[in-house]
Amino acid sequence: MYCSGRDPTIVQLDYVTINENDNFKSWTKSNLFYNHTHDVTSLLIANNRLISGGVDTKLIIKNIDDKQSPSKSIRKYSPIPQVIFLLI
């Protein structure tokens, strides 16, 4: 599970067994991602990719299957600049 709040951090939570004898499971924090500079407002998982967007207007796409090279599995898209046409 992935979650975020009013900060630029995305947290990955895993549901793991705490005690083998009791078969007790709990949510534990397994990864933190700091790809945004401001609050994250949207999270989506599609085609094994975590897509996030936020106040910094960047779109971050992370391949969640790629455990070997996490830096290569992230794509950052900046907002498209708007062209201003000025007619005089």
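# Reading ring pairs and a cavity

Analyst: Let's start with Tyr 15: its relative accessible area is 48%, so this residue counts as partly exposed, as the cut-off for exposed is over 50%. Keep in mind that this is a predicted model.

User: OK, and how many aromatic pairs turn up in the whole structure?

Analyst: The search comes back with 2 aromatic pairs. Take Tyr 2 and Phe 33: their ring centres sit 6.3 Å apart with the planes at 35 degrees, so this pair is tilted. Tyr 2 belongs to strand β1 and Phe 33 to strand β3, so the pair ties together parts 31 residues apart in sequence.

User: Are Tyr 2 and Phe 33 buried or exposed?

Analyst: Both Tyr 2 and Phe 33 are buried. Now the other case: Tyr 15 and Trp 27 have ring centres 4.9 Å apart and planes at 40 degrees, so that pair is tilted too. Here Tyr 15 from strand β2 is linked with Trp 27 from strand β3, 12 residues apart. Trp 27 is partly exposed, at 45% relative accessibility.

User: Switching to empty space: how do I read a cavity, and which residues line the largest cavity here?

Analyst: The general idea is that you roll a probe the size of a water molecule over the atoms and see where empty space is left. In this model there is 1 cavity of 30 Å³ or more, and the largest cavity has a volume of about 30 Å³. Its lining is made up of Ile 10, Phe 33, Asn 35, Leu 50, Ser 52, Ile 60 and Lys 62. Strands β5 (49-54) and β6 (59-63) are the elements giving two or more residues to that lining.

User: What classes of residue does the lining of the largest cavity have?

Analyst: You get 4 nonpolar, 2 polar and 1 charged residues.

Definitions and conventions:
Residues numbered from 1 in each chain as written. Predicted model: local features only at pLDDT ≥ 70, side-chain atom pairs only at ≥ 80, totals over all residues. Heavy atoms only, no water. 1 Å grid on protein atoms, 1.4 Å probe; cavity = no way out; pocket = protein on both sides within 12 Å on 5 of 7 lines; lining within 4 Å. Points joined across faces, edges and corners; volume = space filled by probe spheres on them. Helix = DSSP H or I, 4+ residues; strand = E, 2+ residues; numbered from the N terminus. Nonpolar A, V, L, I, M, F, W, Y, C, P; charged D, E, K, R; others polar. Phe/Tyr/Trp six-rings, centres within 6.5 Å; stacked < 30°, edge-to-face > 60°. Buried < 20%, exposed > 50% of the residue type's maximum accessible area, 1.4 Å probe, protein only.
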